[in-house]
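Hello,

Here is the structure we spoke about. My notes on it follow below.

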Amino acid sequence: MKPAVPVNDAERGPDRAPGVRRRNLIGGAGAIALAPSILSLARAADVPRFALGIASGQPRADGVVLWTRLTGSDLPERVEVRWELADDERFERIVARGEETAEAAWAHSVHAEPAGLAPARWYWYRFSALGDRSAVGRTRTAPAADTAATFDFAIASCQRFDVGHYAAWRRMAEEDLDVVMFLGDYIYEYASRPESVRQVEGGLVTTLAQYRARYATHKSDPSLQAAHARAPWLLVWDDHEVGNDYANLRGQSLEPDFAEQRAAAYRAYWEHMPFPKSVRPRGPDMRITGRLDWGRLARIHLVDDRQYRDVQACPKPGRGGSNTVMLGACPELLDPKRSLLGAEQERWLADGWDMSRPWNLLAQQTLMARFAWNEPAFGTGVYWTDGWDGYAPARNRLLGTVAERRVPGVVVLGGDVHSNYVADLKPDYDDDRSPVVATEFCGTSISSLSIPQSRIDAARTFNPHIHYGRGDQRGYVSFRLDAKQLEASLRAVDRPLDPASGVTTVARFVVDPAKPGAIAA
Ligand SMILES: [Fe+2]
């Protein structure tokens with residue numbers, strides 16, 4: 001890595017846009033006279049080098065991560081990539097710049113880390129390499145930890161490429177958000193069906209080359225690229241970045257070489273996401289758990305419910321992965337030793353709740369509220385074992401700590417279930433007197449499909465703490481947070497198979513930091 005070079009004076013970027021140079025080489029009558037070697041150079045310069053877009057992430061009060069990955073089949077082993085960060089969209093006031101070496105070993109990805117930036121500021125960034133220059137991205141730093149702040153952000157998850165289009169991303173790119181939180185299932189490993197609305201490349205993904213290709217397919221979408229270019233992202237993964245329903249080092253099909261697959265998947269994830277170099281995976285391990293303080297307003301906790309969990313209880317015979325079982329038939333579900341986050345991460349979270357800020361936002365993967373598929377009394381409740389219901393004592397521990405310490409403004413954010421759920425969180429759903437101690441917004445999918453709405457409606461009877469449940473909406477949830485209130489707007493895509501579809505706000509809720517629970521607004 002080459003360190004960022006701070007630039008004190010206003011300075012212009014490169015005088016000549018790469019497109020201009022290209023026109024000089026191949027355009028007009030002069031091109032006829034060019035030698036063959038020059039012509040092949042011209043063709044090389046014509047290969048788009050930033051076809052997967054750009055991104056930024058992990059905002060801090062003094063820095064942010066800038067990401068891109070070079071494209072083209074003719075890339076050398078190592079390519080120097082220049083980046084610039086400016087105070088203004090026209091790059092008249094460049095505040096930092098540097099060079100990174102994009103290496104074939106890491107899929108020619110770039111993770112630049114400008115440091116020493118001013119807090120609570122918008123910046124613009126771009127890359128250049130091999131005669132091409134990227135689009136311009138907008139990013140920002142977090143407010144300093146001791147300053148007043150407001151926070152506009154959105155949560156999104158589950159963007160299966162071949163079952164829908166990304167109108168949700170296009171709409172989100174028009175919002176004025178400080179941060180986008182992506183809560184898992186950035187890619188799906190499945191092959192497309194012939195009737196799919198659009199096709200992904202190749203078959204079921206298990207190797208590094210295949211994971212890389214699948215990220216490239218997802219990232220080819222212009223609406224997704226626009227959402228990345230508009231604001232910094234915070235990310236956690238879920239299962240499909242590796243394989244459906246994997247748990248720790250166990251795959252759904254009990255693959256003997258699953259650790260190798262997880263290593264390939266984590267490596268490709270890091271290569272394609274705006275994470276810093278410090279979290280680059282080592283073999284099958286990559287730590288995405290983290291925290292960010294947003295001024296005096298909120299502490300954001302990001303946790304990983306895949307890598308460290310105990311394997312799912314009571315799987316189907318000869319299988320790993322999830323099942324849907326009656327509690328009475330699966331006593332393992334009540335084993336307090338089992339954990340979704342793993343003991344170390346559970347402790348990390350319990351020790352890190354912020355008692356001084358009005359809000360604690362917990363960014364995690366899946367629905368935390370109990371979701372019983374039938375009457376839960378007398379052990380007859382039927383539960384899906386992959387989510388928090390498969391680890392109910394761990395959920396009770398987490399929410400019990402929130403209750404005991406009276407942790408302020410806990411809002412749990414999730415995805416995974418391809419449905420919008422707004423719920424009250426209680427330390428013990430079997431006890432009618434158990435208080436509401438936190439609020440949950442589990443946001444629906446960008447494109448992935450859900451179960452029929454009639455099944456959700458039928459189950460609502462058994463889950464009175466769930467105030468809103470819609471599986472027939474694709475979209476995301478947008479939030480506006482200040483010291484007095486959280487306002488959530490559920491945005492749903494009108495026509496999920498139309499990339500140009502409109503997006504409608506279908507519901508609004510507010511939360512008071514001192515009184516957990518969402519109120520319809
Ligand atoms: Fe998903």
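In this predicted model, the buried residues of helix α8 are Ala 392, Pro 393, Ala 394, Arg 395, Leu 398, Leu 399, Gly 400, Thr 401 and Val 402. They pack against helix α7 (343–352) and against four strands, β16, β18, β19 and β20 (438–442). An α-helix has 3.6 residues a turn, so residues three or four places apart point the same way. The length of α8 is in order: its 13 residues (392–404) should span 18 Å at 1.5 Å a residue, which agrees with the 18 Å between its end C-alpha atoms. After the helix comes Arg 406, with a positive phi near 50°.

The sheet is next. Seven strands form an open sheet with mixed pairing, in the order β13-β14-β16-β18-β20-β19-β21. The edges are β13 (290–294) and β21 (466–470); each has a single partner strand, so one side of each is left without a neighbour in the sheet. On average, and ignoring direction, neighbouring strands are turned by 15° against each other.

Within the sheet, β16 (residues 359–363) and β18 (residues 410–414) are parallel and share four bridges. Leu 362 stands opposite Val 412 of β18. Helix α9 (residues 453–460) lies across β19 (420–425) and β21, and runs at about 165° to β21.

Now the aromatic side chains. How many aromatic pairs does the structure hold? The count is 23. One of them joins Tyr 269 and Phe 275; the pair is tilted, with 45° between the planes and 5.7 Å centre to centre. Are these two residues buried or exposed? The cut-off for buried is under 20% relative accessible area. Tyr 269 has a relative accessibility of 1% and therefore counts as buried; Phe 275, at 2%, is buried because it also falls under that cut-off.

Ring pairs also link a cluster made up of Phe 151, Phe 153, Trp 294, Phe 441, Tyr 468, Phe 479 and Phe 509. Some of its members fall in strands named above: Trp 294 is in the range of β13 and Tyr 468 in that of β21, while Phe 441 is in the range of β20.

Two arginines lie over tryptophan rings. The charged end of Arg 138 sits over Trp 122, 3.7 Å from the ring centre. Arg 291 lies over the face of Trp 348, at 3.6 Å from the centre of the ring. Here Arg 291 falls in the range of β13, and Trp 348 in that of α7.

Regards

Note on methods
Residues are numbered from 1 along each chain as its sequence is written. This is a predicted model: local features need pLDDT of at least 70, side-chain atom pairs count only at pLDDT 80 or more; totals for chains, interfaces and linings use all residues. Side-chain values use heavy atoms; hydrogens and water are left out. Two strands pair if DSSP finds at least two bridges between them. Helices (H or I, at least four residues) and strands (E, at least two) are DSSP runs, numbered from the N terminus. Axes are lines fitted to C-alpha atoms, for helices over the stretch in contact, and angles run from 0 to 180 degrees between N-to-C directions. Contact means heavy atoms within 4.5 Å. The expected span of a helix is 1.5 Å times one less than its number of residues. Buried means under 20% relative accessible area, exposed over 50%, partly exposed in between (1.4 Å probe, protein chains only). Rings of Phe, Tyr and Trp (its six-membered ring) pair if their centres lie within 6.5 Å; planes under 30 degrees apart count as stacked, over 60 as edge-to-face and the rest as tilted. A charge sits over a ring if NZ of Lys or CZ of Arg is within 6 Å of the ring centre and within 35 degrees of the ring normal.
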